[in-house]
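User: I would like to know how the terms used for a structure follow from their definitions. Please take me through a few of them.

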Amino acid sequence: MARFLVTGGAGYVGSHVVLALRERGDEVVVLDDLRQGHRAAVPVGVELVVANLADRRRVDEVFAGWRFDGVLHFAALSLVGESMREPMRYLAENLSNTANLAEAAVRAGCRRFVLSSTAALFGNPERMPIDETAGITPGSAYGESKFMAETALDWADRVHGLRSAALRYFNAAGADPQGRLGEDHQPETHLIPLAIDAALGLRDPLTVFGTDYPTPDGTCIRDYVHVTDLADAHLRVMDALETGPSVRYNVGNGLGHSVKQVIEAVERISGRPVPHSIGPRRAGDPAVLVASNEKLRRDTGWSPRYAGLDEIVRTAWAWRSAHPRGYDDRAAPALQDAPPPA
Ligand code: UFG
């Protein structure tokens with residue numbers, strides 16, 4: 001059994017990682033300021049420290065209270081559009097919080113660090129699929145801030161020997177297949193939850209951002225990867241860091257689906273129409289983003305268990321239709337702790 005600190009562990013991807021760690025019997029402490037995270041997404045039996053990473057004293061106290069085998073860092077500002085309105089806040093906050101956390105880990109003698117990074121590092125690449133040798137040309141301040149966080153971790157390794165892995169996710173999607181966790185952002189900007197909410201009549205009709213892209217049906221193509229498969233990737237890279245060097249991985253299914261195909265999948269799974277209209281392009285959206293996951297597969301043995309778009313949408317639909325108000329903390333039943341492995 002090991003013990004891990006998960007920042008942002010009450011958020012979407014972080015909570016699925018916490019569940020995966022608990023399911024294999026690891027101990028977890030979550031640090032989350034609950035600006036985006038949800039108390040109801042943290043399992044009973046997992047310590048939740050409500051704090052912001054800018055509070056260095058508090059972060060040091062957390063490291064003084066427990067001995068961690070590794071840190072998984074999800075807590076960050078993560079809205080591409082917002083980052084283009086407030087670039088300095090994104091660059092400063094995401095970098096300094098990562099640096100504070102890495103320094104605290106080093107001071108406490110913790111040697112392994114996994115960073116939640118993003119395909120937004122790659123801007124508008126020419127070559128598909130995108131592997132780890134692709135040039136870094138962030139198209140947003142959000143993408144740049146994650147690259148700065150990766151760079152800070154390179155220095156933490158060179159100077160202090162802190163080993164790290166950065167996982168650059170493509171489009172995280174879906175929900176825990178057992179229905180215990182789901183996606184609940186405020187505001188919600190992601191395609192699959194917006195399409196599901198439109199089908200459920202919970203929101204206005206969806207706007208398709210552009211149908212004049214150089215793709216077969218004119219809409220953007222993305223690589224949707226199931227959040228439970230993402231969680232599995234985090235566990236594997238954390239384990240590999242015990243003996244291996246610092247590393248960066250692109251994480252996706254290696255499959256591209258268009259906005260129209262996603263809408264059709266939601267209609268198929270829900271049995272309802274997705275009311276939508278066609279709008280102009282959204283600034284900064286590249287036409288196609290598809291990952292090469294060869295390196296991750298080769299190094300860690302990872303392979304996606306929920307690679308099909310319908311499987312991804314099915315789990316997202318199941319959670320949202322059961323929780324139309326999301327994790328409304330007053331309404332959501334407390335998540336029971338995962339049983340220890342047999
Ligand atoms: N889309 C619409 N209408 C909407 C919302 C989205 O047509 O109302 C389209 C977008 O134009 C895009 C696709 O659906 O083509 C997916 O959009 P999302 O907002 O769900 O996801 P993005 O691909 O924009 O963003 C994801 C991650 C970001 C990350 C980025 C990297 O959510 O964190 O990939 O490019 F930075």
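Analyst: What follows takes several terms in turn and sets each against its definition. The model is predicted, so local features need pLDDT of at least 70 and side-chain atom pairs count only at pLDDT 80 or more, while totals for chains, interfaces and linings use all residues. Residues are numbered from 1 along each chain as its sequence is written, and side-chain values use heavy atoms, with hydrogens and water left out.

User: How do you know that strand 4 and strand 5 pair?

Analyst: Two strands pair if DSSP finds at least two bridges between them. Strand 4 (residues 70-73) and strand 5 (residues 112-118) have 3 bridges, in the parallel sense, so the definition is met. In one of them, His73 has Leu115 of strand 5 as its bridge partner. Strands here are DSSP runs of E with at least two residues, and helices are runs of H or I with at least four, numbered from the N terminus.

User: What makes strand 3 and strand 11 edge strands?

Analyst: The open sheet has 7 strands in the order 3-2-1-4-5-6-11, with parallel pairing. Strand 3 (47-50) and strand 11 (247-251) each pair on one side only. In general, strands of a sheet pair through backbone hydrogen bonds, either parallel or antiparallel.

User: Which strands does helix 1 touch?

Analyst: Contact means heavy atoms within 4.5 Å. Helix 1 (residues 12-23) packs on the sheet and touches strand 1 (3-7), strand 2 (27-32), strand 4 and strand 6 (163-169). Its direction makes about 165° with that of strand 2; axes are lines fitted to C-alpha atoms, for helices over the stretch in contact, and angles run from 0 to 180 degrees between N-to-C directions.

User: What makes the approach of Arg282 to the ligand a polar contact?

Analyst: A polar contact is a pair of N or O atoms within 3.5 Å; within protein, one must be able to donate a hydrogen and the other to accept it, and residues adjacent in sequence count only if both atoms are side-chain atoms. An N or O atom in the side chain of Arg282 is 2.7 Å from an oxygen atom of the ligand, so the pair is inside the limit. A backbone N or O atom of Phe209 lies 2.9 Å from a ligand oxygen atom, and for Thr189 the backbone value is 3.3 Å.

User: How many residues does strand 8 give to the shell around the ligand?

Analyst: Strand 8 gives the most, with 4 residues.
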